[in-house]
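Here are my comments on the structure you sent round, written for reading beside the sequence and the coordinates.

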Amino acid sequence: MPYFIFLVVFVALPLLMVLIYAFQDQASGKFTFDNFAKFFQRGEDLRTFLYSIEIALINTLICLLLGYPAAWIMANSKLNKSSITIMLFILPMWINMLIRTLATVALFDFAKVPLAQGALIFGMVYNFLPFMIYPIYNQLNKMDKAYSEAATDLGASPTQVFTKVTIPLSMPGVWSGVLMVFMPTISTFAIAELLTLNKVKLFGTTIQENINNGMWNYGSALALIMLVIIGLSVLFSNDDSKRDDEKGGMI
């Protein structure tokens, strides 16, 4: 019962309020689709949304390219047994994200690096890289090593073992990491504001500005659009994970 009450008050009720506000007219309170039509009619908001997707794709790709090798090393290195490598990646997550971002701003100021899109991408990768590493690491760590050994015994080269055995079996972790990096990148606003001095605006900033300016209905419609995208991404990720698990079983 306590968990049910918590879910109703802090999860279901806020989502219901977002849903109601999104389909209400700002002035009359009547049911309307104008808030969603407004999003597609306002070129600035639509461009911000598409730009946020672009930044999220770049951030996710960089995190994947950096995170997969790191996760593989952590899962296969003897150093991992002493937990030193894992602790090095965990330590930054013990600090609040805003504090880490402010420290990054200070670092760029000290190095006299201009705060622009490059600084934004660096800050995104720095903040979200652990969220890519750990799902992949967990998947690789629990993977049955007998598959790789069997492939080697059957004459597969190390490259073939990695591409035909390791990568397919690790895909559920990869999809989880992609989801945990991609969606927060689109909706974040504090990192963009701090690392670009408000020169670069992401979709999360657009939602925040509308809410702060009292435009709850339009802001709720934008938030609902984000929720729908997140829901579709989760469903897509779950379907792909199931297919990857089935392929892994066949291997």
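The numbered points below go from the chain as a whole to helix pairs and then to single residues.

1. Confidence. This is a predicted model, and the confidence figures should be read first. The mean pLDDT of the chain is 87, and 92% of its residues reach 70 or more. Among the elements of the chain, helix α1 (residues 2–22) has the highest mean pLDDT, 93, while the lowest, 74, belongs to helix α11 (residues 216–250). Statements about α11 are therefore to be read with that value of 74 in mind, pLDDT being the predictor's confidence in each residue.

2. Overall make-up. The chain has 11 helices and 0 strands, and the order of elements from the N terminus on is accordingly written as α-α-α-α-α-α-α-α-α-α-α. Taken along the principal axes, the box filled by the C-alpha atoms of the chain is roughly 70 × 45 × 40 Å. Of the 251 residues in the chain, 38% are buried. If one takes the contacts with a separation of 6 or more, 73% of them are accounted for by residues 24 or more positions apart.

3. The pair α2 and α3. At what angle do the axes of α2 and α3 cross? Helix α2 covers residues 34–41 and helix α3 residues 43–76, and their axes cross at roughly 75°, coming within 5 Å. Because angles of 65 to 115 degrees count as roughly perpendicular, α2 is roughly perpendicular to α3. On the α2 side the contact is made by Phe 39, Phe 40 and Gln 41, and on the α3 side by Gly 43, Asp 45, Leu 46 and Phe 49. Sorted by character, the residues of this contact between α2 and α3 comprise 4 nonpolar, 2 polar and 1 charged.

4. The pair α6 and α8. Helix α6 (residues 117–142) and helix α8 (residues 158–187) have axes that come within 8 Å and cross at roughly 150°. Since an angle over 145 degrees counts as roughly antiparallel, α6 and α8 are roughly antiparallel to each other. The crossing in which α6 passes α8 is right-handed. The residues of the contact of α6 with α8 divide into 14 nonpolar and 7 polar, with no charged residue among them.

5. Ala 56. This residue lies in helix α3, and is Ala 56 buried or exposed? Its relative accessible area is 0%, and because buried means under 20%, Ala 56 counts as buried. Leaving aside residues up to four places away in sequence, Ala 56 touches Phe 182, Thr 185 and Ile 186. Met 87 is 31 residues from Ala 56 along the chain, and the C-alpha atoms of the two are separated by 27 Å.

6. Leu 129. Helix α6 contains Leu 129, which is buried with a relative accessible area of 17%. Once residues up to four places away in sequence are set aside, Leu 129 touches Cys 63, Leu 66, Gly 67 and Met 124. Leu 129 and Leu 65 are 64 residues apart along the chain, yet their C-alpha atoms are separated by 10 Å.

7. Ser 220. Which residues does Ser 220 touch, not counting residues up to four places away in sequence? Ser 220 is found in helix α11, and the residues touched by Ser 220 under that condition are Val 18, Tyr 21, Ala 22 and Ile 211. At 5% relative accessibility Ser 220 counts as buried. A reader weighing these contacts should recall that α11 is the element with the lowest mean pLDDT, 74.

8. Leu 197 and Asn 198. The loop between α9 (190–196) and α10 (203–212) holds Leu 197, and Asn 198 lies in the loop between α9 and α10 as well. Phi of Leu 197 is near 55°, a positive value in a residue other than glycine; phi of Asn 198 is near 65°, again a positive value in a residue other than glycine. Leu 197 has a relative accessible area of 53% and is exposed, and Asn 198, with a relative accessible area of 57%, is exposed too. Both assignments follow because exposed means over 50% relative accessible area.

Methods
Residues are numbered from 1 along each chain as its sequence is written. This is a predicted model: local features need pLDDT of at least 70, side-chain atom pairs count only at pLDDT 80 or more; totals for chains, interfaces and linings use all residues. Side-chain values use heavy atoms; hydrogens and water are left out. Axes are lines fitted to C-alpha atoms, for helices over the stretch in contact, and angles run from 0 to 180 degrees between N-to-C directions. Helices (H or I, at least four residues) and strands (E, at least two) are DSSP runs, numbered from the N terminus. Angles under 35 degrees count as roughly parallel, over 145 as roughly antiparallel, 65 to 115 as roughly perpendicular and the rest as oblique. Contact means heavy atoms within 4.5 Å. Ala, Val, Leu, Ile, Met, Phe, Trp, Tyr, Cys and Pro count as nonpolar, Asp, Glu, Lys and Arg as charged, and the others, Gly among them, as polar. pLDDT is the predictor's confidence in each residue, from 0 to 100. A crossing is left-handed if the near helix is turned anticlockwise from the far one by less than a right angle, and right-handed if clockwise. Buried means under 20% relative accessible area, exposed over 50%, partly exposed in between (1.4 Å probe, protein chains only).
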